[in-house]
Each structure stands twice: as C-alpha cells, then as structure tokens.
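Trainee: Could you take me through one part of this model in detail? I would like a close look at how the smaller-scale pieces are put together, starting from a single chain and moving on to what it touches.

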Amino acid sequence: MMTGIPSLSGAKTDGLKVLIVDDDPIALDILANFIRVSGYTVEVAANGKEAIEKMRYYSPRIVISDVDMPEMNGVELCRAIRNRQSIQYTYLILLTSHSDTNSVLLGLDAGADDYLSKPFRPEELRLRMEGGRRLLTLEGRDMMIFSLAKLAESRDQDTGTHLERIREYSKVLATELMSWPKFENEVDAQFVELIYMTSPLHDVGKVGIPDNVLLKPGKLTPEEFEVMKRHTLIGGETLSASAQAHPEASFLKMALDIALKHHERWDGTGYPFQLKGVEIPLSARIVAIADVYDALTTKRVYKEAFSHEVAADIIYKSRGTHFDPDLVDAFSKVENEMRRIRFELDEDALELRPNSFYPISKSFELQSHPQQPFPAMANL
Amino acid sequence: MLVTHQTSSIDTSKLLERCMGNRGLADKVMLAFSISLPIERTMLQQAIDSNDLETVARTAHKLKGTALNMCADGLAEVAHQVEEAARAHQNDVVSQRWLELCLHMDAVREFILAKVSAQ
C-alpha cells in the first residue's frame with residue numbers, strides 16, 4: 001500500500017473548475033493529475049496569455065499559476081484577471097520558488113489570494129484549495145442572500161437601490177458602535193460584516209403581501225396597514241425555518257432578527273410584538289434607523305424625497321420613542337457618511353440639484369396614530 | 001565530486017506519490033524529462049559560451065523547478081547553484097558548477113533510460 005498520499009476521502013469539491021498555468025509540461029501533468037484526483041475539473045494553459053484565452057469559455061473558479069512564464073507571467077495574469085468584468089470571483093493561487101519573495105509581493109499586490117512554494121506539496125495544496133473553495137462558497141451564500149432580497153424588492157416598484165443603501169447605512173452605524181465601550185462585547189468586525197450581509201433581507205416577507213396593498217400608491221387604510229405589517233411575520237417564518245435547520249449559521253439568526261423585528265420601536269409601540277428597549281435585537285434597532293432614513297430621503301409614489309436635514313431632524317425627534325437613543329447619537333456622529341452614501345447610491349438625491357426645493361410641510365409632525373408617526377413612514 | 005545513481009537519480013517512490021499512485025503518469029513524465037534534459041543542456045551550453053548569464057540563470061531556474069517536481073533533488077541542488085552564480089555574475093563559479101551539472105544531468109538521464117529499458 002502506498003504511503004504518504006493524502007487522503008481525499010470526504011473532499012467536497014463539487015467538480016469546481018480549476019485552471020492551471022505553467023510553461024513546464026511536466027509540472028502541468030503532475031499538478032493536473034493531483035487536482036483531478038482531488039475531485040476538481042481541470043484545464044491547463046502554458047502561459048498567462050493562453051490562460052486568458054481559455055478563461056473566455058472555461059470560466060474557472062480557481063486559477064493556479066506559475067510566476068515565471070513567457071508571453072504573460074503569473075503576476076501579469078493576476079492583474080489581467082482582476083481587471084476583467086466578471087460576475088463571479090476567481091480565486092488565484094501563485095506557485096513560486098522559495099527565493100522569489102519579490103514575485104510573491106508583486107503577485108499579492110496584483111490580486112493573488114494565496115501563494116505556494118514550488119514544488120507543491122500535495123497535502124498543502126489540497127488545504128489551500130479547500131480554503132479557496134470555502135471562500136467561493138461564501139461568495140455564493142452572499143449572492144444567494146442578496147438575490148433573495150432582490151426578489152422581494154422586485155415586487156416593490158418604488159425602492160430602486162434601496163437594498164444597497166440599507167446595507168451601507170447599517171454598516172456605517174454598526175461600525176460607529178464598534179468604538180463605543182458600551183457595545184464592545186456585542187459589536188465587532190464580524191457583527192458589521194453580518195449586518196452588511198443580512199440587512200437587505202429586512203423586507204423579504206413582502207413577497208407574501210398582496211399587490212393591492214404592497215403596490216398601492218396612496219396612504220394605506222388601517223386594514224391595509226394591518227396586512228402590510230404581516231411582512232415582518234412572513235419574513236420571520238421564512239428565515240426561522242432556515243435558522244432552525246442550520247443553527248450554526250449566525251447570519252441566518254441575524255437575518256431572522258432583522259426581518260422580524262425591524263419595525264419594533266424603542267418605546268414598545270412597534271410591531272409585531274411591541275418589544276421594548278433592548279428586548280429588540282441590536283441588529284434590528286440599527287436597521288430600523290437605516291430603513292426610516294432611507295424611506296425619508298428617497299422619493300416614493302406617495303411622497304417627495306426629504307432633504308438629509310429634514311430626515312435627520314425627524315430621527316433626532318424620535319430619540320427614545322421610535323429609536324434607541326444610543327443609535328440616534330451614533331447617527332449624529334456619522335451623518336456625513338449617511339449623506340455621502342445617499343449621494344452615491346440614490347440618483348434622485350435632492351442635494352445634487354442646485355437650488356432644489358425641499359418639500360417640507362406640516363405633515364411631518366407627529367400624528368396620533370402611534371404606528372404611523374410620519375406620512376413618509378406610513379407605508380414602510 | 002562523486003556523481004552516482006545514489007547522489008543523482010530520481011526518488012521514484014516519492015515521484016509515484018506525487019503522481020497519486022498513477023504509475024503510467026510517473027513513467028510518462030520520466031520519459032518527457034529524459035527527452036528535455038539534452039535540450040536544456042544545449043541551451044545552457046550555448047548561453048555559457050556566449051556569456052549570456054541572464055539566460056543561464058533563467059534556464060537553470062527552470063531546470064531546477066522541473067527537477068524538484070521529478071524528485072531529482074541532487075540535480076535540482078546543482079541547478080540552483082548554477083542559477084545563483086549566474087545571477088551574481090560569478091562566471092568562474094558557473095563554469096565549475098556547469099561541469100557538475102552536466103554529470104548530474106547525464107546520470108539522471110541514464111537512470112531513466114535504465115528504468116525504461118528494464119520494464
């Protein structure tokens with residue numbers, strides 16, 4: 001029995017496509033055989049130029065390339081791949097000799113994800129590729145989450161790039177909280193990453209709201225508003241099933257919290273559970289501000305867009321009632337960032353127009369209905 | 001300087017491992033290596049004769065890489081010395097190591113041909 005051959009049992013590669021680039025045909029043969037035996041689908045190229053040609057029809061997810069090659073070397077290949085328009089990420093591994101540390105730096109700078117010393121050690125290469133495969137799987141997860149959110153959004157005619165702004169606003173607010181001692185045990189880089197990933201799912205339950213309510217251009221009747229409020233429960237139920245099936249997936253737990261509770265209010269007058277204060281998960285409290293700020297500052301069929309100043313004023317006046325006081329304070333510290341995101345991601349941003357008219361009216365004032373404090377927020 | 005099949009040959013067990021137990025592939029790459037060695041040798045000889053140390057370094061570097069893949073560690077070591085000497089523009093060291101490299105290349109090639117003819 002042969003010893004030293006890495007065990008490949010249990011490898012879950014799903015036939016992922018790999019492109020190997022090396023001008024040494026012997027190295028190509030040995031490497032291609034190893035990768036094929038490991039469960040991947042393999043294509044080979046003799047240099048960077050040939051690799052780019054083959055990528056036009058082969059579309060590999062992982063590229064393993066030598067550095068020193070004729071025509072186009074490995075560093076140039078990395079740069080060319082990163083400059084391509086592509087709908088999916090390509091994981092790049094460079095093969096270098098021990099003495100070639102400069103090429104490693106150049107390669108990483110050009111966009112390589114990892115590097116490996118030549119000659120490759122089978123077990124090491126297998127683990128590095130597994131790392132790449134995990135990263136690509138995460139990309140797939142992110143794309144799936146955003147696609148799901150976009151599906152829900154597609155039924156809502158008014159929202160445009162709403163999801164993109166919501167996740168940027170949420171990220172900015174969460175990042176601000178990272179530096180607050182009060183939140184040091186709750187908000188870290190992973191929290192920020194998770195809220196960026198999951199906040200677009202806040203309205204996923206809208207897929208279950210009838211068109212006559214969801215697409216109604218005017219103000220909702222109380223009955224219709226009750227129907228609209230169900231989107232939190234529908235989203236919660238959908239994500240709850242996934243979260244229970246995959247308890248290890250923290251992003252599903254956060255997505256569930258946000259979808260179900262982003263319409264709760266700090267003073268306990270929100271929906272669907274009338275949770276109060278910190279009973280509302282922090283992620284949902286953050287998205288609540290992001291969602292309202294976006295609703296206020298963008299044009300809808302039933303309202304004009306408010307200026308940043310007006311929207312901010314409404315948020316400040318809702319400190320301790322609708323919104324967590326800490327988050328309103330955080331909002332005040334990142335106002336410029338919020339404004340910048342709005343400029344960049346909302347083509348209708350009013351401040352971009354010189355001498356624009358901001359339709360401020362008395363209808364901003366609090367109304368008696370606790371669920372619908374502002375006309376702008378009534379149809380959220 | 002003693003270059004024998006022991007000091008400069010191919011570790012076939014290790015090569016077979018790198019080929020994931022695929023004996024046909026191991027034989028194929030050994031044969032390919034035996035064919036490429038005289039070509040590399042001619043290229044190196046011409047570069048040394050014309051004092052083109054850049055080509056010497058590049059060709060020796062490539063030879064080293066292939067030798068390491070083929071588990072011909074002795075040959076890879078001397079190719080590395082030639083490459084380093086060429087990069088440092090040490091012509092005298094290149095000349096010394098070149099002779100040694102030729103012996104290693106011959107030994108590896110003979111080793112492969114002996115293996116092939118024995119099968």
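Mentor: Happy to! Let's start with chain B, whose elements run α-α-α-α-α from the N terminus on. Put as a tally, chain B has 5 helices and 0 strands. Please keep in mind that this is a predicted model. Of the 119 residues in chain B, 42% are buried. For the contacts within chain B that have a separation of 6 or more, 58% are between residues 24 or more positions apart.

Now turn to where chain B meets chain A. The contact draws 18 residues from chain B and 17 residues from chain A. On the chain B side, α1 (12–18), α2 (23–49) and α3 each contribute at least two of the residues that touch chain A. The largest share of that side comes from α3(B), with 6 residues. Sorted by class, the side of chain B that touches chain A holds 8 nonpolar, 6 polar and 4 charged residues.

Since α3(B) supplies that largest share, let's zoom in on one of its helix pairings. Helix α3 of chain B, residues 53–69, packs with helix α1 of chain A, residues 25–37, at an angle of about 30°. The axes of these two helices are 9 Å apart, and the crossing of α1(A) and α3(B) is left-handed. If you would like to find the spot on your screen, look for A:Ile26, A:Ala27 and A:Ile30 on the α1(A) side. Their counterparts in α3(B) are B:Gly65, B:Thr66 and B:Asn69. By class, the contact of α1(A) with α3(B) is made up of 3 nonpolar, 3 polar and no charged residues.

For a companion to that pairing, have a look inside chain A. There, helix α6 (residues 162–178) packs with helix α13 (residues 325–333) at an angle of about 100°, and their axes are 9 Å apart. Because of that angle, α6(A) is roughly perpendicular to α13(A). From α6(A), the residues in the contact are A:Leu173, A:Glu176 and A:Leu177. They meet A:Leu327, A:Ala330, A:Phe331 and A:Lys333 in α13(A). The residues of this contact divide into 5 nonpolar, no polar and 2 charged.

So you can set two helix pairs next to each other on the screen: α1(A) with α3(B), at about 30°, and α6(A) with α13(A), at about 100°.

Note on methods. Residues numbered from 1 in each chain as written. Chains lettered and ligands numbered in written order. Predicted model: local features only at pLDDT ≥ 70, side-chain atom pairs only at ≥ 80, totals over all residues. Axes fitted to C-alpha atoms, helices over the stretch in contact; angles between N-to-C directions. Helix = DSSP H or I, 4+ residues; strand = E, 2+ residues; numbered from the N terminus. Left-handed = near helix turned anticlockwise from the far one by under 90°. Contact = placed C-beta atoms within 7 Å. Nonpolar A, V, L, I, M, F, W, Y, C, P; charged D, E, K, R; others polar. Buried ≥ 20, exposed ≤ 12 C-beta atoms within 10 Å, placed from the backbone. Parallel < 35°, antiparallel > 145°, perpendicular 65-115°, else oblique.
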